[in-house]
Amino acid sequence: MRKLAAGNWKMNGTAAELAEVDALVASHGAPSVDILLCPPATLLSRMSDRAGDAIATGGQDCHANVSGAHTGDIAADMLVDAGAGYVILGHSERRTDHGETDAIVAAKSTAAYNAGLIAVICVGETEGQRDAGDTLNVIAAQLANSVPDAANGANTVIAYEPVWAIGTGRVPTLEQIAEVHDKMRADLVARFGETAKDMRLLYGGSVKPSNADEIFAIDNVDGALVGGASLKASDFSAIITALENA
Ligand code: PEP
């Protein structure tokens, strides 16, 4: 399995920030891990053109339908047309801001598969759920209901992102990350069999150059989904290098 360093630019970036992509391409021409950047939709095509072969690009969402009267939405085929190979689905910000349920995330994931995209399906507990001791049950339910039956190691990446760790600078303990990732692997193998051993399991939530080494040393952590620290090439590059060295 090739590990994956994925960056989520969220609603950040205009043409000027494409210089960060140029800097990444210059320092990671032949990476030993997969590199993915998911910019705002407005930059996707231009970023794909500049990123070349070394860096894949992806959308941050897609619609479950292939076309139609859905103002403001983007179909999976349109992401492919703009050069994307991946799409992030079910990010907690979309689950919260746009009311996305597990069923919606599963429908969008199926649309992504049908378009030939790799779905990066996000799961994660809130702080209240962790405090209540519900983390493993919450993650198991999100996996069971957000990941379609057609998932396999080639078309699906899972990102474990505790909601309370996103953009906060707070990170679970290494033991807490290990516990969730081990359970996710076990659940996915129980459901999908051997192919789930190739399904990359990313940790996301305040990953930085300073904590990447220790997070990447955890079993069943096959990379990271990085928000804030993916916006600057110098920071994201250090995280990529940490993953290459893990
Ligand atoms: C994210 O948005 O997926 C994320 C993990 O953000 P950050 O790295 O900024 O916590």
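Which side chain makes a polar contact with the side chain of Glu-100? Let's find out by clicking through this predicted model.

**Stop one: Glu-100.** Select Glu-100, in the loop that runs between α4 (92-97) and α5 (102-115). Now show the side chain of Lys-108: that's the partner, with a polar contact of 2.7 Å. Glu-100 has a relative accessibility of 6%, so it counts as buried, the cut-off for that being under 20%. To see what else is around, leave out residues up to four places away in sequence; Glu-100 then touches Asp-61, Gly-90, Arg-94, Arg-95 and Val-105, as well as Lys-108.

**Stop two: the cavity.** Next, select Leu-136, Ile-139, Ala-140, Leu-143, Val-180, Lys-183, Met-184 and Asp-187, which line the largest cavity. Its volume is about 30 Å³. Color α7 (135-146) and α8 (174-192) too, since each of these helices gives the lining at least two residues. Sorted by class, that lining has 6 nonpolar and 2 charged residues, and no polar ones.

**Stop three: the cores.** Keep Met-184 selected and add Ile-158 and Phe-216: these have the most contacts inside the largest nonpolar core, a set of 62 residues. Zoom in on Phe-216. Setting aside residues up to four places away in sequence, Phe-216 touches Val-221, Gly-223, Ala-224, Ile-239, Ala-242, Leu-243 and Ala-246.

For a last click, pick Leu-36, Tyr-86, Ile-118 and Cys-122. They're among the 13 residues of a second, separate core. In soluble globular proteins, nonpolar side chains tend to be buried together.

Methods: Residues numbered from 1 in each chain as written. Predicted model: local features only at pLDDT ≥ 70, side-chain atom pairs only at ≥ 80, totals over all residues. Heavy atoms only, no water. Helix = DSSP H or I, 4+ residues; strand = E, 2+ residues; numbered from the N terminus. Buried < 20%, exposed > 50% of the residue type's maximum accessible area, 1.4 Å probe, protein only. Polar contact = N/O pair within 3.5 Å; in protein donor to acceptor, adjacent residues only side chain to side chain. Contact = heavy atoms within 4.5 Å. 1 Å grid on protein atoms, 1.4 Å probe; cavity = no way out; pocket = protein on both sides within 12 Å on 5 of 7 lines; lining within 4 Å. Points joined across faces, edges and corners; volume = space filled by probe spheres on them. Nonpolar A, V, L, I, M, F, W, Y, C, P; charged D, E, K, R; others polar. Core = buried A, V, L, I, M, F, W, Y, C linked by side-chain atoms within 4.5 Å.
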